[in-house]
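Visitor: I would like a close look at a single part of this structure, taken slowly and set in its surroundings. Please choose one position, say how it sits among its neighbours, and then work outward from there.

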Amino acid sequence: MFVQYALAQSVGAGTLTTGRLVGTVAALVALAGVIAGALAVARHRRRGATAALAAGVAGMATGGIVVAMAEGGPGTGYGIVGGLAALAIGLVAAALGGLGLARARTRV
């Protein structure tokens, strides 16, 4: 009985768990990719576009792993909110990276 009660307890809102940390880092990596992608599109830089594409894919992959491994919904400490944010932001970063690569190729 005690084991079921201990497993059913949720984590506090301010508690930093491993899942929350990984989800947050994945979202921050994807956000850095969005910034690099926006700069690459604005300045026609191939290196920034490649970095944005790589950061976007890395953020999406890590966010997908966090979401797949989560055993509960938001507020359980598994980092599902950060993982979903990393998926969405990583998609934008990858799109900006691809657009930046296409624009850098036509500028030659």
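Guide: G33 is buried, with a relative accessible area of 0%, because anything under 20% counts as buried. This holds for a predicted model rather than an experimental one, and G33 is found in helix α2. Leaving aside its neighbours within four places in sequence, G33 is in contact with A52, A55 and A93. Of these, A55 is 22 residues from G33 in sequence, yet the two C-alpha atoms are 4.9 Å apart in space. A52 and A55 are listed among the buried residues of α3, and A93 is one of the buried residues of α4, so that the contacts of G33 lead to two other helices of the chain.

The helix that holds G33 can be checked against its expected length: at 1.5 Å a residue, the 26 residues of α2 should span 38 Å, and its end C-alpha atoms are 37 Å apart, which agrees. Its buried residues are G19, R20, G23, A26, A27, A30, G33, V34, G37, A40 and V41, a list in which R20 appears beside glycine, alanine and valine. What covers these buried residues includes α3 and α4, the latter running over residues 80–106.

Another part of α2 is turned to the surface. V29 is found in this helix as well, and it counts as partly exposed because its relative accessible area is 34%. Together with L16, L21 and V25, V29 forms a nonpolar patch on the surface, the four having about 340 Å² of accessible area together.

The two ends of α2 are also worth a look. Before it, T17 has its place in the loop between α1 (2–8) and α2, and at 18% relative accessibility T17 counts as buried. Leaving aside its neighbours within four places in sequence, T17 is in contact with V11 and G77. After the helix comes H44, whose phi is positive, near 55°, a value noted here in a residue other than glycine. H44 lies in the loop between α2 (18–43) and α3, and with a relative accessible area of 28% it is partly exposed.

Next comes α3, the helix that supplies A52 and A55. At 1.5 Å a residue, the 24 residues of α3 should span 34 Å, and its end C-alpha atoms are 35 Å apart, which agrees. Its buried residues are G48, A49, A52, A55, G56, G59, G63 and V66, and what covers them includes α2 and α4. For contrast within this helix, I65 lies in α3 (residues 46–69) but counts as exposed, because its relative accessibility is 56%. The C-alpha atoms of I65 and L87, which are 22 residues apart along the chain, are separated by 9.9 Å, whereas those of G33 and A55, also 22 residues apart in sequence, are 4.9 Å apart.

The remaining partner of G33, A93, belongs to the buried set of α4, which consists of I80, G82, G83, A86, G90, A93, A94, G97, G100, L101 and A104. These residues pack against α2 and α3. The helix has 27 residues and reaches 39 Å from its first C-alpha to its last, close to the 39 Å expected at 1.5 Å a residue.

Seen over the whole chain, there are four helices and zero strands, and from the N terminus on the elements run α-α-α-α. Of the 108 residues, 31% count as buried, and the accessible surface comes to about 6700 Å², of which 69% belongs to carbon and sulfur atoms. Residues 24 or more positions apart account for 71% of the contacts with a separation of 6 or more.

Finally, the record offers a view to set beside the coordinates: an unreviewed UniProt entry carries the annotation "transmembrane region" for residues 20–42, 49–70 and 76–102. Over residues 49–70 the chain in the model is 95% helix and 0% strand, with end C-alpha atoms 31 Å apart, and over residues 76–102 it is 85% helix and 0% strand, with end C-alpha atoms 41 Å apart.

Notes. Residues numbered from 1 in each chain as written. Predicted model: local features only at pLDDT ≥ 70, side-chain atom pairs only at ≥ 80, totals over all residues. Heavy atoms only, no water. Buried < 20%, exposed > 50% of the residue type's maximum accessible area, 1.4 Å probe, protein only. UniProt positions renumbered as here; feature names shortened; annotations may be inferred. Patch = residues over 30% accessible without salt bridge, like charges linked within 9 Å, V, L, I, M, F, W, Y side chains within 5 Å. Areas by Shrake-Rupley, 256 points an atom, 1.4 Å probe, with all protein chains shown as cover. Salt bridge = Lys/Arg side-chain N within 4 Å of Asp/Glu carboxyl O. Contact = heavy atoms within 4.5 Å. Expected span 1.5 Å × (residues − 1).
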